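Student: Before we go through this chain, could you show me how to read burial, charge and strand pairing from a model?

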Amino acid sequence: MKNFKRLTLLCGHYGSGKTNVAVNLAFYLKQQYNNLVVADLDIVNPYFRTKDSLEDFKAQGIELICSEYANTNVDIPALPADIYRLTADKSLTAVIDVGGDDRGAYALGRLVPEIKAENNFDMLMVINGYRPLTPDAQSTIEVMREIEQACGLTFTGLVNNSNIGDETTAQNVLNSLEYANAVSTLSGLPIVMTTVKAELVSELNDKIDNLLPLKLQAKPI
């Protein structure tokens, strides 16, 4: 895949699967960068959280920055003070899970001036054509523009994460390419990667460029 910049921000519609992409991208990048951090800025949807993968992160030597209330029954939309290290400490390479839609993107706003000043970031839109509110390119672009307006940053690329969970087949992924290419054409943004369940990689490796194998994050009980 492409060379990643110091900060990789992942945004997307609710249900797009961006948290699972963030977790798996972190494991991929850990092969290249030692001082790797995952930051969970999603204060809107506590159901899927990067903290569910905390033990896996520890095993790989990946630091996690998230709210102290993540994975508790305390529903407080609080961001950790450590988020300011993302812009202050240039030795870090970070994957940042931004909140869903425009409401979640507001939380990123306090970091935006420093992110822009350094200009060593990518902001990737995680798209999923199998979700009811983003079934086509135009509706997906509308969500993208809302997120950009909310956080004050412009997207630099796309992640095609079109899937239907455990039911996803190789053909489902192939069928999503027309949608992803339409979003790319309409937005003018490149498709940086296409995600697939790890067990489908062998079927798709010679058909799709820049595959990111996914180990699906377990749903919390």
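The dialogue below takes up a lysine and then a strand.

Tutor: This is a predicted model, in which local features need pLDDT of at least 70 and side-chain atom pairs count only at pLDDT 80 or more, while totals for chains, interfaces and linings use all residues. Residues are numbered from 1 along each chain as its sequence is written, and side-chain values use heavy atoms, with hydrogens and water left out.

Student: Where does Lys30 lie?

Tutor: Lys30 sits in the loop between helix H1 (18-29) and strand S2 (36-40); helices (H or I, at least four residues) and strands (E, at least two) are DSSP runs, numbered from the N terminus.

Student: Which side chain of opposite charge is nearest to Lys30?

Tutor: Lys and Arg count as positive and Asp and Glu as negative, with His and the chain ends not counted, and a salt bridge requires a side-chain nitrogen of Lys or Arg within 4 Å of a carboxyl oxygen of Asp or Glu. The nearest such side chain, Glu63, is 9.6 Å away, and Lys30 has no salt bridge although it is buried (under 20% relative accessible area, 1.4 Å probe, protein chains only).

Student: What lies 2.5 Å from a polar atom of the Lys30 side chain?

Tutor: The backbone oxygen of Asn34 lies at that distance.

Student: How should I read the two faces of strand S6?

Tutor: In a regular strand the side chains alternate between the two faces of the sheet. In S6 (residues 157-160), Gly157 and Val159 on one side and Leu158 and Asn160 on the other are all buried.

Student: In which sense do S5 and S6 pair?

Tutor: Strands pair if DSSP finds at least two bridges between them; S5 (residues 121-127) and S6 pair in the parallel sense over 4 bridges, and Val126 has Val159 as its bridge partner in S6.

Definitions and conventions:
Buried < 20%, exposed > 50% of the residue type's maximum accessible area, 1.4 Å probe, protein only. Polar contact = N/O pair within 3.5 Å; in protein donor to acceptor, adjacent residues only side chain to side chain.
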